[in-house]
Amino acid sequence: MSTQNPIFIPGPTNIPEVLRKAVDMPTIDHRSPMFGKILHPALEGVKKVLKSTQAQVFVFPSTGTGGWETAITNTLSAGDAVLATRNGMFSHRWIDMCQRHGLDVQIVDQSWGEGIPTERFEEILTADTAHRIKAVLATHNETATGVRSDIAAIRRALDRAGHPAMLFVDGVSSIACYDFRMDEWGVDIAVTGSQKGFMLPPGLAIVGFSPKAMAAVEGAGLPRTFFDIRDMARGYAANGFPYTPPVGLLNGLKVATDMLLDEGLENVFARHHRIAEGVRQAVTAWGMTLCAARPALYSDSVSAIRTPDGFDANRIVSHALNTYGVAFGTGLGDVAGKVFRIGHLGMLTDVMALSGLATAEMVMVDLGLPVTLGSGVAAAQAHYRHSAGKACRQAA
Ligand SMILES: *Cc1c(COP(=O)(O)O)cnc(C)c1O
């Protein structure tokens, strides 16, 4: 089967041709000044994407998960309390990592489809007068459920409680997809990876540390070696890494940040919103609903779509792959078998999105679901036609 179809998993994303070429590089001497000409613009570009003037950016050969580990091991000690919500598979996995590192995780469980309960956070933080909680962990975009949480509201909760805890944000599937303001929201550590909003192959953990997070590094007791940002900072100062850098991916990151900044971050966000809205119109036309409980929680990077009770949603994903060679995302954890996911992040166009919706319709009709062929596509077409020309750019 041809593998030319776009993919609709919520990361890794479709890779623009320009970035595939940027990543495919001959070997250079990574100890030569040539490497610094790739590294430093890539770090500067990330900083702009994070909307930060103060952050120190570190990039590791790893993935988003390594970014979580970088955040906690560089700033915390065993026994430290952290506050987190579990509302999907990714927030769950970050909590699990913290527990395995001996942190005392205060978990606020939410039903999957809900966001971070900022009022509850404010109560907990206000009650913590001894300031035992050292960090608040927030998953900006819960990729398992297609739920966006309000990071600015968490910052307000911390401020109203007068609590000094650091704010760590998993922005793996939001950064470079929709609005993210590291400095304005007082985010102390922002975590992402190369294969979502940055449109690259997997292989990089990308983190930004605020001055406050940097100040916590020396006192942190958790062991770290590979992810020690002090070694990394010394490497950068000498135009290098503490070990062999993934040069091609870093060159890709440099070009990806150029692409995003050339398009304009607000245009990138508007494009994601517009594509996502077309997908949501299609879901409504199918008579189906999203896992996200309310429109305020709808994610512009992924939609998790509930299937009728008693129907195994994974059948949609396997049938789409086996019959039409198109990949959608399965449900994870609590929502396994109950939802399928359409990823709409990265360099997607209207035309690509429409092909995914058309495929999903064929699959659902094949499997006997009460969906009319063309209904969702027509709804998305109407939305794309009416909003055409606004921040629409062709895939490079
Ligand atoms: C993809 C993702 C991760 C995990 O990233 P890996 O690169 O697979 O380690 C973490 N958090 C969120 C929200 C994600 O979407």
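A polar contact is a pair of N or O atoms within 3.5 Å. Keep that cut-off handy for the exercises below, and remember that this is a predicted model.

**Exercise 1. Find the atoms that touch the ligand's oxygens.**
Task: work out how G64, T63 and K196 meet the ligand, and how much of the ligand the protein buries.

Solution.
- Step 1: start with G64, where a polar backbone atom sits 2.9 Å from an oxygen atom of the ligand. With the cut-off at 3.5 Å, that pair counts as a polar contact.
- Step 2: go on to T63, which uses a polar side-chain atom, 2.5 Å from a ligand oxygen.
- Step 3: K196 also brings a polar side-chain atom, and here the distance to an oxygen atom of the ligand is 2.6 Å.
- Step 4: now the area. On its own the ligand exposes 380 Å², and the protein buries 90% of that.

**Exercise 2. Describe the shell around the ligand.**
Task: say which residues surround the ligand, what classes they fall into, and which helix gives the most.

Solution.
- Step 1: list some neighbours. Among them are T65, W68, F90, N141, D170 and Q195.
- Step 2: sort the shell by class, and you get 7 polar, 3 nonpolar and 2 charged residues.
- Step 3: look for the top contributor. Helix α3 (residues 64-75) gives the most, with 3 residues.

**Exercise 3. Walk across the sheet.**
Task: trace the strand order, then explain why β1 and β3 each have a side without a neighbour in the sheet.

Solution.
- Step 1: read off the order, β1-β9-β8-β7-β4-β2-β3, in an open sheet of 7 strands with mixed pairing.
- Step 2: check the ends. β1 (56-61) and β3 (104-109) are at the edges with a single partner strand each, so one side of each has no neighbour in the sheet.
- Step 3: add the twist, which averages 20° from one strand to the next.
- Step 4: zoom in on one pair. β7 (residues 166-170) and β8 (residues 189-193) run parallel, joined over 3 bridges; F168 has I189 of β8 as its bridge partner.

**Exercise 4. Place two helices and two backbone oddities.**
Task: where do α5 and α9 lie on the sheet, and where are P12 and H131?

Solution.
- Step 1: α5 (residues 118-127) packs on the sheet and touches β2 (81-86), β3 and β4 (133-139), its direction making about 165° with that of β2.
- Step 2: α9 (residues 247-263) lies across β1 and β9 (204-209), at about 55° to β9.
- Step 3: P12 is in the segment before α1 (17-23), and the peptide bond from G11 to P12 is cis, with omega near -5°.
- Step 4: H131 is in the loop between α5 and β4. H131 has a positive phi of about 55°, although it isn't a glycine.

Technical notes
Residues are numbered from 1 along each chain as its sequence is written. This is a predicted model: local features need pLDDT of at least 70, side-chain atom pairs count only at pLDDT 80 or more; totals for chains, interfaces and linings use all residues. Side-chain values use heavy atoms; hydrogens and water are left out. A residue is near a molecule or strand if one of its heavy atoms lies within 4 Å of it. A polar contact is a pair of N or O atoms within 3.5 Å; within protein, one must be able to donate a hydrogen and the other to accept it, and residues adjacent in sequence count only if both atoms are side-chain atoms. Accessible areas come from the Shrake-Rupley method with a 1.4 Å probe; for residues, only the protein chains shown count as cover. Helices (H or I, at least four residues) and strands (E, at least two) are DSSP runs, numbered from the N terminus. Ala, Val, Leu, Ile, Met, Phe, Trp, Tyr, Cys and Pro count as nonpolar, Asp, Glu, Lys and Arg as charged, and the others, Gly among them, as polar. Two strands pair if DSSP finds at least two bridges between them. Axes are lines fitted to C-alpha atoms, for helices over the stretch in contact, and angles run from 0 to 180 degrees between N-to-C directions. Contact means heavy atoms within 4.5 Å.
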